[in-house]
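Open the model in a viewer with residue labels switched on. The stops below say what to select next and what is there.

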Amino acid sequence: MTSPVRLALLGCGTVGAEVVRLLHEQSADLAARIGAPLEIAGIAVRRIGRDRGDLPVDPAVFTTDALGLIKRDDVDVVVEVVGGIEPARGWLVEALRAGKSVVTANKALLAEDGGALHDAAVEGGGDLYYEASVAGAIPLLRPLRESLHGDRITRVTGIVNGTTNFILSAMHATGAGFAEALEEATELGYAEADPTADVEGFDAAAKAAILASLAFHTRVGAADVHREGITEVTAADVASAKAMGCTIKLLCIAARGADGQGREAVSVRVHPAMIPLTHPLASVGDAFNAVFVEAEAAGQLMFYGRGAGGAPTASAVLGDVVAVARNRLAGVRAASESAYADLPVRPMGEALTRYHISLDVADRPGVLESVAGVFARHEVSIATVRQGPAGGAAGGAGDAVLVIVTHVAPDAALAATVRELRGLDIVRSVASVLRVEGGL
């Protein structure tokens, strides 16, 4: 055995504490896999005196000086599980420029300014690994970055947020509304006290940017991702999806293909969508994650597992630690960022999909003809129409509900259609608009 590989751990919350426990419990196995023992040089925290239970670590390793810890000569690898943009960005850039390898679970930072981290890694000659930033313990990023490098990935579709998947799964199973399902998720610990990042799609959008960057060899940031959350999904939407043989999931969708001018481009979006119950992602319930990858040679691949939680995320962190430690001992570094394609990101208006539109309308002759005329003017083709009694908040005596499912159309054309529909006297309200994915 050679000299120990020394780690600086930034953060000791849910994930950080599990990293410490696994390092302790699996120390012999980890040393055998790497060829050298792993040691904790220090742990940077905000409050040293906080009760951390029976954490198997010497209290003397704790410090509030994260930057000072990073700069120590006896630190080889920096493991960051603090989250957020700053001060994490400054810490990691400092570490990478100094030639230290970095393992991070910080999806927000990677989506906001991953380019700065990659550039600093090239400058310093260290490794940057971040498997834990997307889908927890699921081995996903390394297959995209390494295993599928000999192939051309065309599309990545995934459920990458456990909180929203639990909520939508509960709504599908019980018929509950969004508020009731969110309350249950909070009681069970699946939702944070402030669930905004999850239910409004910010968390999934950051992960979508990371996935698209790796899959399409193009730097994609969070600002490039079209984002919609699930707060507007109603029990009526879920019931309508069931009637169509579908369920509703919050999907991240990244695709590569020709734009309107025939130039290759990528599109990246996060939004709730109906998918058929026969689709592989439809059966992903509870707080699980799954990502469906389509490649030209490999075909269709699916990655499934627990996408969050202290132990699963710590498992992914330690997998990266083993990889960077072995690289350091061998005197090599992993392949640098692959962004050679540098493809433009298509605006959301050019995205092609199908739509499910629910309208509260006046129940009188000629209504369907008028509504169909609006779709025709915007070149959105109607696939099916269902009519029922009024059930929406705006519905009343003499009103009805029209549920329309379209063929594939550009998002901009659908948006224009909805705007015109809202201006019609015969349309009491546009109750909901949901995209339909998965080849229904």
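**Starting at A8**

Select A8, which is buried, with a relative accessible area of 0%; buried means under 20%, exposed over 50% and partly exposed in between, with a 1.4 Å probe and protein chains only. The model is predicted, so local features need pLDDT of at least 70 and side-chain atom pairs count only at pLDDT 80 or more, while totals for chains, interfaces and linings use all residues. Residues are numbered from 1 along each chain as its sequence is written, and side-chain values use heavy atoms, with hydrogens and water left out.

A8 belongs to strand β1 (residues 5-10); strands (E, at least two residues) and helices (H or I, at least four) are DSSP runs numbered from the N terminus. Display its surroundings: leaving aside neighbours within four places in sequence, A8 is in contact (heavy atoms within 4.5 Å) with G42, L69, V75, V77, V78 and V79. A distance label from A8 to A66 should read 8.7 Å between C-alpha atoms, across 58 residues of sequence.

**The six-stranded sheet**

Switch to cartoon and follow the order β3-β2-β1-β4-β5-β6, an open sheet of six strands with parallel pairing. Two strands pair if DSSP finds at least two bridges between them. β3 (62-63) and β6 (128-129) are the edge strands; each has a single partner strand, so one side of each lacks a neighbour in the sheet.

Now select β4 and strand β5 (residues 101-104), which pair in the parallel sense over four bridges. Within this pair, V79 stands opposite V103 of β5.

**E80, at the end of β4**

Select E80, in strand β4 (residues 77-80). What is the nearest side chain of opposite charge to E80? It is K107, 9.8 Å away, and E80 is buried without a salt bridge. For charge, Lys and Arg count as positive and Asp and Glu as negative, with His and the chain ends not counted; a salt bridge is a side-chain nitrogen of Lys or Arg within 4 Å of a carboxyl oxygen of Asp or Glu.

Draw a line from the side chain of E80 to the backbone nitrogen of G83, which it reaches at 2.7 Å. Not counting residues up to four places away in sequence, E80 touches L10, A88, L92, V103, T104, A105 and N106.

Follow the chain onward to the E86 and P87 pair, joined by a cis peptide bond with omega of about 10°. P87 is in the loop between β4 and α4 (88-97).

**L10 and the cores**

Select L10. Beyond four places in sequence, its contacts include A44, A66, V78, E80 and W91. L10 is also among the residues with the most contacts inside the largest nonpolar core, as are V78, L140, I153, I167 and L211; this core has 81 residues. A nonpolar core is a set of buried Ala, Val, Leu, Ile, Met, Phe, Trp, Tyr and Cys residues joined through side-chain atoms within 4.5 Å. Helix α10 (residues 202-216) supplies the largest share of this core, eleven residues. A second, separate core of 37 residues includes V15, L55, V79 and V103.

**Two positive phi values**

Go to H217, in the loop between α10 and β8 (226-227). H217 is not a glycine, yet its phi is positive, about 55°. H217 is buried, with a relative accessible area of 8%.

Then select D342, in the loop between α12 (310-330) and β13. Its phi is also positive, near 50°, in a residue other than glycine. Is D342 buried or exposed? D342 is exposed, with a relative accessible area of 60%.

**β10 and its partners**

Select strand β10 (residues 264-276), joined by two bridges to strand β17 (residues 427-436), with the two running parallel. A273 has R435 in β17 as its bridge partner. Twelve of the 13 residues of β10 are buried.

Add strand β9 (residues 246-258), which pairs with β10 in the antiparallel sense over 13 bridges. R256 has V266 in β10 as its bridge partner. β9 and β10 form a hairpin with five residues between them, and G262 in the turn has a positive phi of about 80°.

β8 also runs parallel to β10, with two bridges, and R227 stands opposite V270 in β10.

Finish at strand β13 (residues 352-362), which pairs with β17 in the antiparallel sense over eight bridges. There, S358 stands opposite S432 in β17.

How values were computed:
A polar contact is a pair of N or O atoms within 3.5 Å; within protein, one must be able to donate a hydrogen and the other to accept it, and residues adjacent in sequence count only if both atoms are side-chain atoms.
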